[in-house]
Amino acid sequence: MASDTLTTGTGGSGGPGRSGTGTGRRRPLSPRSGLTALAVVLSVISVLPVLWMLTSSFKTRETVTDGKLIPTDFTFDNFVYVFTEVPFARYLWNSFFVSAVITIAALFFHSMAAYALARLRFPGREKLFGAIFATLLVTAPVVLIPLFMVARELGLLDSYAGLIIPAIFNAFGIFLLRQFYLGLPKELEEAAVIDGCGHWRVYWNIVLPMSRPILSALAIFFFLANWNAFVWPLVATNDQDLTVVQLGIASFQTQYTSNWNYILAAATVAALPMLILFFVFQRQIVESIKTSGIK
């Protein structure tokens, strides 16, 4: 009896123990899994409005507000109307021309200013950089009226120059480039100086080629910001030939209040170039953010 009891007890305690350790416990979720799930949820929330805009631009006027993501009546008539009934192609050209010129000019001047603030030694350098950086704390509405008065006195209103020149200078680009240049090895510049290169040749032949990742990212930032500009073009221009794409979409909202299919088609046409540009250069954008704080 004792041996039977001992055998039964051993088997009973061993069986549940093995099954408990084999299948009864679940591994806890790691913090990385939780962050991944949170990133997926936030991505869906961010992408869903854009996806709804894209799909709704192919709907008819009767079905555009039906709340369905997939169109039931698929049509291209909205895009045909946008490009035939209004000069939307002109709006796109104005935005592209203004954004491209601002981006090229800003990268050129900002890179030179950032190189001087990062590498050249002159009295008041840190104070000058502090003053430039402090302008990031000033919001655009604060300087809107003074900027309009200066542009009016200089005769820049209702012209491409009035849209381009005030938007060239931005403390954000100077700050980001300066932080990047502080992380570049000084040995390359010192070797170039020993070989007889001046500051201009060092900047043009050494610093700029090494700055391609950060310049690519800044080009996206500048182009996107000026492509989406609304307030300053609204204030600085009254000429219909100078209307940019964001003002064109705003005019759609006033003229075709109930025709959301036309408004969404125009918004889709304006958003697609920026989405394509972002997906092409997203690696450069991430790399610039990673390296901007290196000193």
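Start by selecting helix H5 (residues 125-134) together with H8: their axes lie 9 Å apart, and the two helices pack at an angle of about 135 degrees. That angle makes H5 oblique to H8. Before you click further, keep in mind that this is a predicted model.

**Stop 1: where H5 meets H8**

Show the side chains here. On the H5 side, pick Glu126, Phe129, Ile132 and Phe133. Their partners in H8 are Ala171, Ile174, Phe175 and Arg178. Try colouring this contact by residue class: you should get 6 nonpolar residues, 2 charged ones and no polar ones.

**Stop 2: the whole chain**

Now zoom out and switch to a cartoon view. How many helices and strands does the chain have? You can count 15 helices and 0 strands. The chain runs to 295 residues, and 35% of them count as buried. Next, think about contacts between residues at least 6 apart in sequence: 73% of these join residues at least 24 apart.

**Stop 3: H3 across H14**

Select helix H3 (residues 77-85) and helix H14 (residues 260-280). Their axes come within 9 Å and cross at roughly 75 degrees. That makes H3 roughly perpendicular to H14. To see who is touching whom, show Asn78, Phe79, Tyr81, Val82 and Phe83 on H3. Then add Asn261, Tyr262, Ala265, Ala266, Thr268 and Val269 on H14. Colour this set by class as well, and you get 8 nonpolar residues, 3 polar ones and no charged ones.

**Stop 4: H10 and H11**

Hide those two and bring up H10 and H11. Here the axes come within 5 Å, and the crossing is at roughly 65 degrees. H10 and H11 are therefore roughly perpendicular to each other. The touching residues are Leu208, Pro209 and Met210 from H10, plus Arg212, Pro213 and Leu215 from H11. In this contact, 5 residues are nonpolar, 1 is charged and none is polar.

While H10 is still on screen, click isoleucine 206, which sits in this helix (residues 199-210). Which residues does isoleucine 206 contact, leaving aside its neighbours within four places in sequence? They are Leu188, Ala192 and Arg201. Draw a distance line from the C-alpha of isoleucine 206 to the C-alpha of leucine 188: it should read 7.8 Å, for two residues 18 apart along the chain.

**Stop 5: the largest pocket**

Turn on a surface and look for the largest pocket, which holds about 1000 Å³ of space. Its lining is made of 36 residues. To find the centre, select Ala140, Pro166, Ala167, Phe169 and Asn170, the lining residues that lie nearest to it. The elements giving two or more residues to this lining are H4, helix H6 (140-153), helix H7 (160-168), helix H8 (171-182), helix H11 (212-227) and helix H12 (231-236).

Which helix gives the most to the lining? Highlight H4, which supplies 6 residues. Now colour the whole lining by class: 29 residues are nonpolar, 7 are polar and none is charged.

**Stop 6: asparagine 170**

Stay at the pocket and pick asparagine 170, in the loop between H7 and H8. Is asparagine 170 buried, exposed or partly exposed? With a relative accessible area of 34%, asparagine 170 is partly exposed. Setting aside neighbours within four places in sequence, asparagine 170 is in contact with His110, Leu136 and Phe222. Histidine 110 is 60 residues away in sequence, yet the C-alpha to C-alpha distance between the two is 7.9 Å.

**Stop 7: serine 99**

Go back to H4 (residues 88-119) and click serine 99. Serine 99 counts as buried, because its relative accessibility is 0% and the cut-off for buried is under 20%. Show what is around it: apart from neighbours within four places in sequence, serine 99 is in contact with Phe223, Asn226 and Trp227.

**Last stop: aspartate 158**

Finish in the loop between H6 and H7, where you'll find aspartate 158. What is its phi angle? Phi of aspartate 158 is near 55 degrees, a positive value in a residue other than glycine. Aspartate 158 counts as partly exposed, at 37% relative accessibility.

Definitions and conventions: Residues numbered from 1 in each chain as written. Predicted model: local features only at pLDDT ≥ 70, side-chain atom pairs only at ≥ 80, totals over all residues. Heavy atoms only, no water. Helix = DSSP H or I, 4+ residues; strand = E, 2+ residues; numbered from the N terminus. Buried < 20%, exposed > 50% of the residue type's maximum accessible area, 1.4 Å probe, protein only. Contact = heavy atoms within 4.5 Å. 1 Å grid on protein atoms, 1.4 Å probe; cavity = no way out; pocket = protein on both sides within 12 Å on 5 of 7 lines; lining within 4 Å. Points joined across faces, edges and corners; volume = space filled by probe spheres on them. Nonpolar A, V, L, I, M, F, W, Y, C, P; charged D, E, K, R; others polar. Axes fitted to C-alpha atoms, helices over the stretch in contact; angles between N-to-C directions. Parallel < 35°, antiparallel > 145°, perpendicular 65-115°, else oblique.
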